[in-house]
Structures are given as structure tokens and as C-alpha cells.
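Please consider the following briefing on side-chain packing and pairing in the model shown below.

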Amino acid sequence: MNIQLIIEVLGTVAFAISGAMLAIDRKMDLFGVLFLGLVTASGGGFMRDVVLGIVPPSMFESPMLIPVGLLASFYTFLAVRWNRHMIPYLPEGRFQWILNFTDAVGLGLFTVLGVNVAIEAGYGECHRFVLFLGMLTGVGGGMLRDILAGLMPAILRKHIYACASLLGAACYDYLLLWIKKEYAMFAGAVIVMTVRMMAYHFKWNMPKAA
């Protein structure tokens, strides 16, 4: 199994859990949990493939991604349903922390994956386009998730979200000049996750007009 497929599967699981947990928090039924989990897990890659002109998008050609996204969402639903009596006793903010952590993992993994797909498509010399596709792959699923859940997308309001994705994409693109792809992907993903979780913990935000 190559590194790109491993990252895609892990990112799919992380984002599916994130989408499913938000659906549960918004009191959606089983279909809503499965649908929102799958949209979160596959939305960014779908947008990236449409921009690149890849038809059908890779999510429909992969034998694993849709089943993995649905299974991760379903197991999240079962885990919460079977343990719902314990939820009132969880430490304050634990549910939100788990949602943000899985979202950060998905954001980091899909950001470097988007950069890698753009480079393999032949756009490695167009660095701004590569960074844009990395960010789009990272934030696209979460953006669709928030819209469907009736929330302002995190990319517009939340603790250094898109900026963390852009930073990780830029670091990965630069590190490719110096180290092997696998190490560069790992470093770029870890940078995104670290910045996102630090921003969540310390409540870092971009400045607002009012």
C-alpha cells in the first residue's frame, strides 16, 4: 500500500468522524450522520478533481474511500449511541475537542494529499495553483459539512483554519526540494495539525474589522 493511499484512507476516517460527530451534535438521524460524514470525507477531493478536470472524481473510482467513509461514520454513530448515558459526565468541552482533533487530522492529511495530486497532474511548477489545490482539498469537505449543518464555514471564522492548511501546503511543497516525498508529506501534515490544535487551544484568530 503506497503512502498516498494510506494518507487518503486515514484522512477519510478522520474527516468522516468529524462530520458524523457534528451531525450527532446537530441532532441528525442515522442517514444524516452517514451523509454528513461522507460529504466531509470526500468533499475536498471532489472539488479538487473537478478543478483538475478529473472525471469521474477519484472518490467514485476508488474501491475503498466511500465504504471507509460510511463505515467510520456508522461506527461513530454506534459509539455515541451505545455510550450516550456517559456523555453528560464527560469533562466539559471533551466532545468539542474530539471534533476539532479529528478535523485537524483530516485537514493536515488532505492538504498534503491535494498538493501531491496537483504535482502528479503536472502542475508542480505552478506553485500558487498547487498551494490552492492543497488548501481546497483540505478545507472543502469541512466547508460543505458546515453549510449542510447550518453553520458559518470554519474557513471564514475559526482559529486559523485555511491559513494552517496553506502553511502546511507551502512547507510540503518546499520540503520536496530537500527530502523524500514521504517525509515531506508527514512534516506538512504535522505542521497543519499542530497549528490548528494550538489555535484551538490558545483561541488564536485572524483579526476582524469589528
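**Briefing: aromatic pairs, salt bridges and cores**

F15 and F110 are both buried (under 20% relative accessible area with a 1.4 Å probe, protein chains only; exposed is over 50% and partly exposed in between). The model is predicted, so local features need pLDDT of at least 70 and side-chain atom pairs count only at pLDDT 80 or more, while totals for chains, interfaces and linings use all residues. Residues are numbered from 1 along each chain as its sequence is written, and side-chain values use heavy atoms, with hydrogens and water left out.

**Aromatic pairs**

- The whole structure holds seven aromatic pairs (Phe, Tyr or Trp rings, the six-membered ring for Trp, with centres within 6.5 Å; planes under 30 degrees apart are stacked, over 60 edge-to-face, the rest tilted).
- The ring centres of F15 and F110 lie 5.6 Å apart with planes at 10 degrees, so this pair is stacked.
- F15 belongs to helix α1 and F110 to helix α5, 95 residues apart (helices are DSSP runs of H or I, at least four residues, numbered from the N terminus).
- Y123 and F129 form an edge-to-face pair, because their centres are 5.1 Å apart and their planes stand at 75 degrees.
- Y123 is partly exposed at 35% relative accessible area, and F129 is partly exposed at 23%.

**Salt bridges**

- Four salt bridges are found (a side-chain nitrogen of Lys or Arg within 4 Å of a carboxyl oxygen of Asp or Glu).
- D103 pairs with R145, with the closest N and O atoms 3.0 Å apart.
- D103 is in helix α5 and R145 in helix α6, so the bridge ties together parts 42 residues apart in sequence.
- R145 also bridges to D146 at 3.0 Å, N to O, and D103, R145 and D146 are linked in a network of salt bridges.
- D103 and R145 are buried, and D146 is buried as well.

**Nonpolar cores**

- The largest nonpolar core (buried Ala, Val, Leu, Ile, Met, Phe, Trp, Tyr and Cys residues joined through side-chain atoms within 4.5 Å) has 35 residues.
- Those touching the most other members are I7, F15, L107, V112, V139, Y161 and Y172.
- Helix α5 supplies the largest share of this core, nine residues.
- A second, separate core of 13 residues includes M21, L22, L78 and V80.

**Confidence**

- The chain averages a pLDDT of 87 (the predictor's confidence in each residue, from 0 to 100), and 94% of the residues score at least 70.

Note on methods:
Helices (H or I, at least four residues) and strands (E, at least two) are DSSP runs, numbered from the N terminus.
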